[in-house]
Amino acid sequence: MSPASPAGPDGRPPPAGRPGTESGVAAVLLAVLLLTGGGTGLVNLALDDVVRDGPGRPVYAATMAALVLMAVPLLVRRRIGRWQTFALVLLGDLVYVVVALCIDDPVRYATPLMLLFPALVAAWFLRPWMLAVNMVATPLAVLVAMWSSYPDPVALAVQVGVSAGMLDLVSFAVSVLRRRERRLLAAAEALVLRDPLTGLSNRRHLVEQAPRTWRQARRGGLRVAAMVIDLDHFKQVNDVHGHAVGDAVLQSVARALADTVRPSDVLARLGGEELVVLGIVGDPGEAGRLAERLRLAVAGARTEDGPAVTASIGIALTRPVDGEDAAAALWWLVDRADAAMYTAEQGGRDRVAGFSPPRPRPTPDGERLGPPTVPGPALPGHAPSDAG
């Protein structure tokens, strides 16, 4: 996958907005529409010359009461699936038909504008094919609802064509605007969370992914590994071949690394020629094998007119614990991987090194460690201290 695309290193495109939030908005909006429609319909029962007497009256009352009851779980749960939304949109078309058949004067009390609400919901929240189904259902609903009010077929056709045509046109226009908004949001999110040159994650996205990584590692009793990758002698590539060639080399390396990391790993560019991979491993051996594959991927990356490059990779691991700050732990881990990367550079470059904490200085014979206020015995060959 080309890193210049907005897709992440795991091959998935960045999300266009927050599905949970959109589901909540849809649930509340539909609940409000159901309550408004059902409540208004129940009020009509108390008015004279609105709802027809006879068997249609209890059907009308039951339909309005059902609308009010359906709003309750939506308000309680505050979420709704796409298929549920689709079903409610089609139910709205059906309810309009029921209302029109039970009302004394549909032209006055049950105008096709009632279908504007399901049309807008379909345009904003549903997929294109679902919207198309509703756009077909709209003229059918208007036709059935207005059938008894227009004995003249020509007048009926004109009414259906004008009313349903305007509703479908508005629905389609809103859908086009909605899709454009989603594309703009996806592009904006890509700019915020992606490195513009390589298309990889940036520092901000890396930090946002840390809590998920730490949580998964704690749940599975595994370790988090950070691998800092630095391209060897990359400054010379820019100095000798120019920055355009250097950028092409970076893009080629990014593509090679994106094809090598696992789907669950986060591959990010920290800046310059330094990149980092954050992932979950079972043991140091697994981290070492992944780092070696990354090193070989960098060495195998090629551009048309750029030189081949190698990479020094440093590894650091940690076992997450409950209650720790994932972002702070992330940078603590990256700092240690960065130190291991310098060890790999000092060892000859184009290699992988793991972080090893410095060993404590051995205590010389005769030296005792105690509270600073208590003088210890003089070391051999030294005069006693006069402090005190």
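**The surface patch around valine 158**

Valine 158 has its place in helix H7, which spans residues 153-193; helices here are DSSP runs of H or I with at least four residues, strands are runs of E with at least two, and both are numbered from the N terminus. The model is a predicted one, in which local features need pLDDT of at least 70 and side-chain atom pairs count only at pLDDT 80 or more, while totals for chains, interfaces and linings use all residues. Residues are numbered from 1 along each chain as its sequence is written, and side-chain values use heavy atoms, with hydrogens and water left out.

Task: Identify the residues that form a nonpolar patch on the surface and state their accessible area together.

Solution: Begin with the rule, by which patch residues have over 30% relative accessible area and no salt bridge, like charges being joined within 9 Å and nonpolar side chains (Val, Leu, Ile, Met, Phe, Trp, Tyr) within 5 Å. Areas come from the Shrake-Rupley method with a 1.4 Å probe, and for residues only the protein chains shown count as cover. The patch is then formed by Val154, Val158, Val162, Met166 and Leu169, which together have about 490 Å² of accessible area.

**The largest pocket**

Task: Describe the volume of the largest pocket, and work out which helix supplies the largest share of its lining.

Solution: On a 1 Å grid over the protein atoms alone, a pocket is an open set of points with protein on both sides within 12 Å along at least five of seven lines, whereas a cavity is a set where a 1.4 Å probe fits but cannot get out; lining residues have an atom within 4 Å of a point. Points are joined across faces, edges and corners, and the volume is the space filled by probe spheres set on them, which gives about 640 Å³ for the largest pocket. Its lining consists of 27 residues, and Leu33, Gly37, Leu67, Met114 and Phe117 lie nearest the centre. At least two lining residues come from each of H1 (19-45), H2 (56-77), H3 (82-102) and H5 (116-125), and H1 provides the largest share with 9 residues. For the chemical character, count Ala, Val, Leu, Ile, Met, Phe, Trp, Tyr, Cys and Pro as nonpolar, Asp, Glu, Lys and Arg as charged, and the others, Gly among them, as polar; the lining then divides into 20 nonpolar, 7 polar and no charged residues.

**Salt bridges at arginine 295 and arginine 218**

Task: Trace the salt bridges of arginine 295 to glutamate 292 and to aspartate 350, then examine the pair of aspartate 322 and arginine 218.

Solution: A salt bridge requires a side-chain nitrogen of Lys or Arg within 4 Å of a carboxyl oxygen of Asp or Glu, and this rule yields a count of 13. Glutamate 292 and arginine 295 meet at 2.4 Å, N to O, and, being 3 residues apart in helix H11, they are separated by about one helical turn. Taking buried as under 20% relative accessible area, exposed as over 50% and partly exposed as in between (1.4 Å probe, protein chains only), glutamate 292 is partly exposed at 29%, whereas arginine 295 is buried at 15%. Arginine 295 also meets aspartate 350, at 3.0 Å, N to O. Because aspartate 350 lies in the loop between H12 and S5 and arginine 295 in H11, this pair ties together parts that are 55 residues apart in sequence.

The side chains of aspartate 322 and arginine 218 meet at 3.4 Å, N to O. Aspartate 322 is in the loop between S4 and H12 and arginine 218 in helix H8 (residues 203-220), so the pair ties together parts that are 104 residues apart in sequence. Aspartate 322 is exposed at 69%, and arginine 218 is partly exposed at 30%.

**Positive phi values**

Task: Give the phi values of arginine 78 and aspartate 350, and place both residues.

Solution: As background, most residues other than glycine have a negative phi. Arginine 78, in the loop between H2 and H3, has a positive phi near 60 degrees. Aspartate 350, in the loop between helix H12 (326-346) and strand S5 (352-354), has a positive phi near 50 degrees, and its relative accessible area of 28% makes aspartate 350 partly exposed.
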